[in-house]
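I opened a notebook for a structure that is new to me. These entries record what I looked up, in the order I went.

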Amino acid sequence: MTQNPSGALSGAPAPPASSPTPGHPAGEARPQWRRKAAAYWSLTKPRVIELLLVTTLPTMIFAQRGFPDFWLVLATMVGGACAAGSAGAFNCYIDRDMDKLMNRTKKRPLVTGELTPREAFVFASLLGAVAIAILWIGANPLAAGLGAAAMFFYVVIYTIILKRRTEQNIIWGGLAGCFPVLIAWAAVRESVEWPALVLFFIIFLWTPPHYWPLSMKYRTDYQTADVPMLGAVATAKTVSVQVVLYAWATVVCSLLLIPMGWAGITYTAFAAVSGGWFLYECHVLHRQAQRESLTDKKAMKVFHLSIMYLTLLFVGLALDPFIGAPLMS
């Protein structure tokens, strides 16, 4: 997750509405409404939400050791999605000055003028309030409190304080992306236990080797916007070393559920195989970087593979309660 305040951006004027269709007085309003809805949807960073939800449901199943109550799952998923969407919208609001400078973000609705800063701020605020209400009513106060903490951490600690000040920004910013597993665990068990903390730190350690390869490809964007992302301020050789170290820490952490007596043969197999694959590709990236033959294509391969790795790990987590007993107890 990624962004911060600075002066207001006077957005470009919104595209003109299409001419009304003869005999259809609503012909002008309907396309405009659709554009507006699409702009609000884009503001929430839906791809990030998808990734967060991938970790939420498996964690709930793992915590329950079976399928939780349907309404509890629905409330947790919807509340979590709204919390992530609110944080993403605040991020776009705060970083609108930066987004206009970067090719990767120059089509965001606050840059194009499809939405005004005021519209974005009100939307983000309302969505955040809805998220906390859904989690409080549909799950429990602890889950709601963790949801509020996640939004605060991403918006204030990462976006406002850290992003533009340190090359380690994504490490601490990644903490916000770890909260969904805590929210999911708290929704089911009304507490935060050691297995939930292990899952939390898996995502925390996974975030740098996931995001830094992306920042290597878009280093020019970050340099133009004066954002000290490690991939933009350090050499590929330095970044690749960090990617390998964090990848190893991630995989080792993922195996801690085994001696704790929570993981069975299914999770263990998924963690070992997907983790080995992830480590191999990170080492290939490192080797190419040391030889100065690393390409953007390879960096993006590791970026996409990291998403696949995390997905497979949590698929194994979801299947584990149904297939195979714990290896240790």
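Is Arg65 buried, partly exposed or exposed? I looked it up: Arg65 is partly exposed, with a relative accessible area of 32%. The classes are buried under 20% relative accessible area, exposed over 50% and partly exposed in between, with a 1.4 Å probe and protein chains only.

**Ground rules.** I am reading a predicted model, where local features need pLDDT of at least 70, side-chain atom pairs count only at pLDDT 80 or more, and totals for chains, interfaces and linings use all residues. Residues are numbered from 1 along each chain as its sequence is written, and side-chain values use heavy atoms, with hydrogens and water left out.

**Overall make-up.** I found 14 helices and 0 strands. Helices (H or I, at least four residues) and strands (E, at least two) are DSSP runs, numbered from the N terminus. Of the 329 residues in the protein, 52% are buried.

**Loops with positive phi.** Back to Arg65. It lies in the loop between H2 and H3. Its phi is near 60 degrees, a positive value in a residue other than glycine. I then checked Lys45, in the loop between H1 and H2. Lys45 is not a glycine either, and its phi is positive, about 55 degrees. Lys45 is buried, with a relative accessible area of 13%.

**Helix H8.** I compared its length with expectation. The expected span of a helix is 1.5 Å times one less than its number of residues. For the 21 residues of H8 that gives 30 Å, and the end C-alpha atoms are 32 Å apart, which agrees. I also found a kink of about 30 degrees at Gly177 in H8, shortly before the proline Pro180. The bend at a residue is the angle between axes fitted to the seven residues ending there and the seven starting there. H8 is largely enclosed by the rest of the structure, because 19 of its 21 residues are buried. Just after H8, Glu190 takes a positive phi of about 55 degrees.

**Largest pocket.** Next I looked for open space. A 1 Å grid over the protein atoms alone is used: a cavity is a set of points where a 1.4 Å probe fits but cannot get out, a pocket is an open set with protein on both sides within 12 Å along at least five of seven lines, and lining residues have an atom within 4 Å of a point. Grid points are joined across faces, edges and corners, and a volume is the space filled by probe spheres set on the points. The largest pocket holds about 1,100 Å³. It has 36 lining residues, and the closest to its centre are Arg47, Val48, Arg104, Leu214 and Phe303. H1, H2, H8, H9 and H14 each give two or more residues to this lining. The largest share, 7 residues, comes from H2. By class I noted 19 nonpolar, 11 polar and 6 charged residues. Here Ala, Val, Leu, Ile, Met, Phe, Trp, Tyr, Cys and Pro count as nonpolar, Asp, Glu, Lys and Arg as charged, and the others, Gly among them, as polar.

**Largest cavity.** The whole structure has 2 cavities of 30 Å³ or more. The largest cavity has a volume of about 170 Å³. Which residues lie nearest its centre? They are Leu52, Gly80, Ala84, Ala150 and Pro180, out of 18 that line it. H2, H3, H7 and H8 each give two or more residues to that lining. H3 gives the largest share, 6 residues. The lining of this cavity has 14 nonpolar, 4 polar and no charged residues.

**Aromatic pairs.** Rings of Phe, Tyr and Trp (its six-membered ring) pair if their centres lie within 6.5 Å; planes under 30 degrees apart count as stacked, over 60 as edge-to-face and the rest as tilted. I get 14 aromatic pairs. Tyr40 and Phe123 form a tilted pair, 4.8 Å centre to centre with 40 degrees between the planes. Tyr40 is in H1 and Phe123 in H6, 83 residues apart. Tyr40 is partly exposed at 22%. Phe90 and Phe121 have ring centres 5.7 Å apart and planes at 80 degrees, so that pair is edge-to-face. Phe90 belongs to H3 and Phe121 to H6, 31 residues apart. Ring pairs also link Phe179, Phe200, Phe201 and Phe204 into a cluster.
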